[in-house]
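Biologist: Could you take a close look at the aromatic pairs of this protein, and at one pair in particular? Please set out the criteria as you go.

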Amino acid sequence: MPQTTATPSAPRIPDADRSLAASGSEAAVTARSGRRRALRRKLAIGAVAGLAALMAFACADDGDVVTIDTAVDPDLVDALDTDDDGVVSRDAVGDAVEAAELEAQLESERAERDAARAAQEAAFGALLSDGAAVAASFPGGQVLVHDVRKNIVDSPVTLMDDPENPTHEEFVSRLTSMIQLRLAGVALDGLDFPVDVSASDEEINAQVQAHLEGAFEEFAQQRSVEEDPSIERLATPHCVSALAVTTEADANSASDRVRAGEALPDVAAAVNLPGLAGADGTIGCGQPFSLFGGGDLALALLDLKPGGLTEPLMLPSAASPTGELWVVLHLDALLSDETDLSSIGPFAGHVLTEIMSIYEVSVAPGLGAWNADSLRVSLPILP
């Protein structure tokens, strides 16, 4: 299809510019060059509306150019038509539209974020100016803005620029600590470990710590064992032997021999890879994690009764010619008289935080929101 040129009734270049271009004078060239740079800046700032007016396209012989026909901002046309031939590439138009739309979107998002931050800080500033305002409330009490500000001034953290005027983050961080301390007191008091949450922070903290380091730890141990009996097994020494071979088939075969009545030490002596256990398959006695450092081997012991065998377990191992070590554990004995829960504790902190997480806490909207899972006040989320 023949190329279509600009129509006389809507010239691409205004007459005044055309005169300058035709004059050939140095001043004309300089003026046009400066004008072109200014037009490109205008396009980069946001020319979506003007570019959208490029509706009249005509096919050139190569099918890849369009001519500007009418109703187009001459400034934008001039910025796109870099070679002064009256045509612009479809790709150039598309790229310019896409870039302008993206810039407009990013600018809109920046404006939204800036507005949200300004509103957040304005709400925070208004709240801080009212010392009697409630910063947070919890079962049995509340924390006032004045309480938090006084706490910060009395005990500022290292490198705090201005304790008298804390930032939003600094205020929320201290409020979080104060809520946590009071929830710990409420939880302990509810379990008959008395704490006066109306006292000063120092006094509440002293009462809480005394319980955590005293009788509450024993209470927490027993509660933990009741909820998960495997905890007691983890604290109990296990005497263990093992069959350790190179393939799953060998592990099953050796295990079947023991189940059929052969003595494990005899089977182990016949099939085990050397150096991984005693000659008779003995590993030794200890708490599961002490013996195996955690992982599948330690956990596999928890359901065994004395005399029981685990299913074959595979571990990557350079000691095996196949790269795989297949292990069957045998529980020789369980030393229940030597169970020591304190060796895998303390339990007090874990039990206490579990109880604290069930309480409802209300935080002033200008500050943030309470997250029960992390026991923290989270700052408002901005877009």
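Modeller: What follows is an account of the aromatic pairs, with one pair described in detail. This is a predicted model, in which local features need pLDDT of at least 70 and side-chain atom pairs count only at pLDDT 80 or more, while totals for chains, interfaces and linings use all residues. Residues are numbered from 1 along each chain as its sequence is written, and side-chain values use heavy atoms, with hydrogens and water left out.

A search of the whole structure finds four aromatic pairs, where rings of Phe, Tyr and Trp (its six-membered ring) pair if their centres lie within 6.5 Å, and planes under 30 degrees apart count as stacked, over 60 as edge-to-face and the rest as tilted. One of the pairs is formed by F124 and F171, whose rings are 5.9 Å apart centre to centre with 70° between the planes, an edge-to-face arrangement. Because F124 belongs to helix 5 (residues 90-128) and F171 to helix 7 (residues 168-190), this pair ties together parts that are 47 residues apart in sequence; helices here are DSSP runs (H or I, at least four residues), numbered from the N terminus.

As for accessibility, F124 is buried, with a relative accessible area of 5%, and F171 is buried as well, at 0%, where buried means under 20% relative accessible area, exposed over 50% and partly exposed in between (1.4 Å probe, protein chains only). For context, 37% of the 383 residues of the protein count as buried. Elsewhere, ring pairs link F193, F216 and F219 into a cluster.

Methods: Helices (H or I, at least four residues) and strands (E, at least two) are DSSP runs, numbered from the N terminus.
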